[in-house]
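These are my notebook entries on a structure that I had not examined before. I set down what I looked up, entry by entry.

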Amino acid sequence: MSFVFDELVGQEHIIDILKSAAADSRTGSESQEMTHAWLFTGPPGSGRSSAAVAFAQALICPNQGCGTCNECQSAVTGGHPDVEIIRTEGLSIKVEELRELLTRVAWAPSMGGWRIVVMEDADRLTESAANALLKAIEEPGTRTVWLLCAPTLHDVLPTIRSRCRHLQLRTPSIDAVKDVLINRDKISASMADFAARVSQGHIGRAKYFANNESVRSNRNVIMQLPLQLGSLAAALQAAQTLVDIATEEANRTSESRDEMEIEKLEEAYGKGATGRGMATGAAKAVKELEKEQKSRATRLVRDSIDGALLDLATFYRDVMMVQSDNRDALINTDLQTQIENFAASTSSHSNLSKINAIMQARTDLAHNAAPLVTCEALMCQLARK
Ligand SMILES: [Zn+2]
């Protein structure tokens, strides 16, 4: 049994720990004290929240995580009374939201086992929210199990992480990602190989890439940029292209979601029922939601530019691989000819400084530098011989 864990790619080192913790939790023996707080960390795409959800399923499933029974399925869809999965769209999880959550999970588990909270973005807890959570974790005799997820240990307050059992996920290998795409998502072998390489171990992104023609063609445009930096004008144009593409891609993800959220909110305030204008309370709530959406959109654009810059860096990285005669590890196998030519006409020293320039631009953007200006400065540096 324990099929839910089979879905975790490249994480064999933690699966045994989770399996035996789930098995111990149901023997009910007093000697085996259940750990009430777990912290799953790992790079984006390593599947930290999938691991946490799989563990939640194993804790409530009569078959230790079969993946097919009522308990297992309702845990994922949000229909299980004892499992709560907290996903955050906003920039932070505020103390009011956390208090509300604590009231909800204060009751004893309805099925007699555990009440489980999966928090996908524990790194977004505000300090006061984190302190409220800390009190809940420390409460003796609790039947609640907290499964927190964050990119790294440093993203969580020391007081919280010291109370948690920590599990570190790994970036799955390109071959592991490729196998999942072929076997689980029924993607052709050649596309799976390509998608796994360019997404560098990020399963979700690999699948999205393999299934979306527009994402692939946008990437093609980005990856041609290093070959088009012949003049200052061309460099500035390249910066504009990169920002435009990243913005377009980010907007596509957020627009449909924004509309759906506003519709839902208006419905909640009874817009559909009365057919008339909304009450002031509703208008205020919509305004607040729009503000939240705007800050999310800004973040999405920045994330998207960051992704494009990382792609760009893989071009120079591949050039350096060719220069050191290491062609097996190429990421951009579709551009091998261009990469070979570029390698023949440049020094590895200049390629390394270009990669450094890209990483510096990413750092600047993370510190809220203006996207277009940052990219323009970067492209001018990349244009240098
Ligand atoms: Zn099950």
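Entry 1, the metal site. I looked up the protein donors of the zinc ion in this predicted model. They are the SG atoms of Cys61, Cys66, Cys69 and Cys72, at 2.3 to 2.4 Å from the ion. Along the chain, I read their spacing as C-x4-C-x2-C-x2-C.

Entry 2, geometry. I asked which geometry the site of the zinc ion has. The angles among its four donor atoms run from 101 to 118 degrees, and the site is tetrahedral because all of them lie between 85 and 135 degrees. For reference, I noted that the ideal angle for four tetrahedral donors is 109.5 degrees.

Entry 3, burial. I then checked whether Cys61 and Cys69 are buried or exposed. Both Cys61 and Cys69 are buried.

Entry 4, the sheet. I turned to the strands and found an open sheet of five, ordered 2-3-4-1-5, with parallel pairing. Strand 2 (83-86) and strand 5 (165-168) are the edge strands, each pairing on one side only. From one strand to the next, the twist averages 15 degrees.

Entry 5, one strand pair. I followed strand 1 (residues 37-41) to strand 5: the two run parallel and are joined by four bridges. Opposite Phe40 I found Leu167, which belongs to strand 5.

Entry 6, a helix on the sheet. I asked which strands helix 2 (residues 48-60) touches. Helix 2 packs on the sheet and touches strand 1, strand 2, strand 3 (115-119) and strand 4 (144-150). I recorded an angle of about 165 degrees between the direction of helix 2 and that of strand 4.

Note on methods. Residues numbered from 1 in each chain as written. Predicted model: local features only at pLDDT ≥ 70, side-chain atom pairs only at ≥ 80, totals over all residues. Heavy atoms only, no water. Donors = N, O, S within 2.8 Å, 3.2 Å for Na, K, Ca; no water. Tetrahedral: all angles 85-135°; square planar, octahedral: opposite > 155°, others 65-115°. Buried < 20%, exposed > 50% of the residue type's maximum accessible area, 1.4 Å probe, protein only. Pairing = 2+ DSSP bridges. Axes fitted to C-alpha atoms, helices over the stretch in contact; angles between N-to-C directions. Contact = heavy atoms within 4.5 Å.
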